[in-house]
Amino acid sequence: MAEKDTAYLSLRNINKIYPNGFHAVHNFNLDVKKGEFIVFVGPSGCGKSTTLRMIAGLENISKGDMLINGNLANEKGPREREIAMVFQSYALYPHMSVYDNLAFGLTLQGVDEDVIEQRVMKTAKILGLTDYLDRKPRALSGGQRQRVAVGRAIIRKVGIFLMDEPLSNLDAKQRVTMRSEITQIHRETGATTIYVTHDQTEAMTMADRIVVMKEGYIQQIGTPYDLYFNPVNTFVASFIGEPPMNLIKTVIRDGKLSIGKNVLDLKEAVKKDVLDKYNGHEVFFGFRPEAVALIPDSSVPSFTLNCDVELTELLGDSANIYINIDGEQAILKIDPHQMPDSDKLEFYLPAKSMYLFDSETTLSIL
Ligand code: ATP
C-alpha cells in the first residue's frame with residue numbers, strides 16, 4: 001500500500017468517561033491519512049474538544065486504542081506524541097517578542113541558534129509576520145496574534161497538528177481571511193491536521209473530510225460534498241448548509257405525499273420498494289433552500305409547490321424568502337433578481353434535490 005493511503009492516526013473505539021461518570025465520547029472510530037485536513041464539527045458539548053484533547057494526550061482515553069503510524073500511543077505523554085496544538089486562547093508569552101514566542105519551543109529542545117533563526121524566518125514569511133518579529137503580543141491585532149499561535153505550532157515540524165476553535169476570538173472578516181490562510185499553510189506544510197469548530201462554514205471550506213458529532217456520537221464522516229449532498233440523517237442535513245435544509249413532516253400514501261394542498265407524486269423519483277415499505281409512514285420531506293427554481297425548466301423533472309411569502313431578506317448575492325406552505329414554514333434562497341412581487345409564489349423543486357428521512361430513526365431513506 002502506498003504510504004499516503006495508510007492511516008497515520010487511527011482512533012479505534014475511543015471512549016471518554018469523565019471521573020464524574022459522564023460519558024462524553026462514545027465509540028469514536030476514525031482513520032486519518034498522512035497530510036489530511038480533518039475537521040470535527042458539531043454543536044457545543046458534542047465532545048469535539050474532548051476527542052481532540054485525548055489525541056493530544058491532555059485527557060486520558062477511557063476505552064479504545066489510538067495508534068500513531070501504527071504504534072499504540074494511548075500511554076505516551078503529550079510530548080512523545082509528536083503533536084502540536086493551537087488553542088482557542090492563543091497562549092502566547094506576553095513578555096516575549098514574536099521572534100522569541102516562535103523560537104521558544106525549539107530553544108527548549110536545544111535546537112542550534114542558526115537553525116532556529118532559519119525556521120523562525122521561514123515561518124514568519126509563510127505567516128506574513130516578518131515585519132512584526134520585534135513586537136510583543138499586546139502590540140498585535142487579534143489576527144496577528146492568531147498567526148503567531150499557528151506559527152508556534154508549525155515551526156516544530158510535528159506529525160500531527162491539532163487546532164481547537166482557533167478562529168473563535170476573531171471578528172467575522174478576520175475569520176474569513178485566517179480560514180484561507182490556514183488552508184494555504186496546510187497546503188504548504190502538508191501537515192496532518194485535525195481542526196475543531198462548531199462553524200459549519202469553516203468545516204465545509206477547509207476540510208478534506210468532516211466528522212459531524214452530536215452528543216458524543218459520530219453522526220457521519222465524509223467529504224464536504226458527501227455531507228452536503230448525501231446526509232445520512234436529519235441532524236447532518238440541517239447542520240450542514242446555511243440556511244439549513246427545510247424538513248417538513250408528512251406521510252407517504254400510495255406513492256404520493258402531501259404538504260397542505262400540494263400533492264407530490266413520487267413514483268418517478270423514488271424506487272417502488274421504498275414507496276411500498278413506507279406506505280402510510282411518517283417521513284421528513286427535505287429540500288435545501290438553494291435547490292429550488294422560480295422559473296420552470298421542463299428539461300428537469302421537478303415538483304411544483306405553492307406557498308405564501310411571509311418575509312423577504314435581500315442579502316446582496318442572494319435573497320432569503322421565508323415562506324408558508326399551508327402551515328409549514330420553510331426558506332427559499334433565490335437569485336436576488338427574482339424577488340417575488342406578490343405574496344403568493346409558485347416554485348419548482350428538482351426531483352433529484354428532494355430528500356426523505358424516516359421520521360422515527362431520522363435516517364435517510366433514499
Ligand atoms: P464546545 O464547542 O462548547 O467546546 P465540545 O463539543 O468541544 O463543546 P466538550 O468540551 O468535548 O464539547 O465536552 C463534551 C461534554 O463533556 C460536555 O457535555 C461537557 O460538559 C462534558 N465535560 C467536559 N469536560 C468535563 C469534565 N472535566 N468532567 C465532566 N464532564 C466534562
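Me: A polar contact is a pair of N or O atoms within 3.5 Å; within protein, one must be able to donate a hydrogen and the other to accept it, and residues adjacent in sequence count only if both atoms are side-chain atoms. Which residue has its backbone oxygen 2.9 Å from a polar atom of the Lys48 side chain?

Reply: Happy to help! This is a predicted model, where local features need pLDDT (the predictor's confidence in each residue, from 0 to 100) of at least 70 and side-chain atom pairs need 80 or more, while totals for chains, interfaces and linings use all residues. Residues are numbered from 1 along each chain as its sequence is written, and side-chain values use heavy atoms, without hydrogens or water. Lys48 sits in helix α1, residues 48–56 (helices are DSSP runs of H or I, at least four residues; strands are E, at least two; both numbered from the N terminus), and the backbone oxygen at 2.9 Å from its side chain is that of Gly42.

Me: How far from Lys48 is the nearest side chain of opposite charge?

Reply: Lys and Arg count as positive, Asp and Glu as negative, with His and the chain ends not counted. A salt bridge needs a side-chain nitrogen of Lys or Arg within 4 Å of a carboxyl oxygen of Asp or Glu. Lys48 is buried (under 20% relative accessible area; exposed is over 50%, partly exposed in between; 1.4 Å probe, protein chains only). Lys48 has no salt bridge, and the nearest side chain of opposite charge, Glu165, lies at 4.4 Å.

Me: Which residue has a polar side-chain atom 2.5 Å from an oxygen atom of the ligand?

Reply: Of the 13 residues around the ligand (a heavy atom within 4 Å), those that come nearest are Ser44, Gly45, Lys48, Ser49 and Thr50. A backbone N or O atom of Gly45 is 2.7 Å from a ligand oxygen, and the Lys48 side chain has an N or O atom 3.0 Å from one. The polar side-chain atom at 2.5 Å belongs to Thr50.

Me: Why does Asn74 count as buried?

Reply: Asn74 lies in the loop between β5 (71–72) and β6 (83–86). Its contacts (heavy atoms within 4.5 Å) beyond four places in sequence are Ile61, Gly64, Asp65, Met66 and Arg81, and its side chain reaches the backbone nitrogen of Met66 at 2.8 Å. Asn74 counts as buried because its relative accessibility is 16%.

Me: Over which residues does pLDDT stay under 50?

Reply: The chain averages a pLDDT of 92, and 98% of the residues score at least 70. Where pLDDT is low, the predicted coordinates should not be read in detail. The stretch with pLDDT under 50 is residues 1–5.
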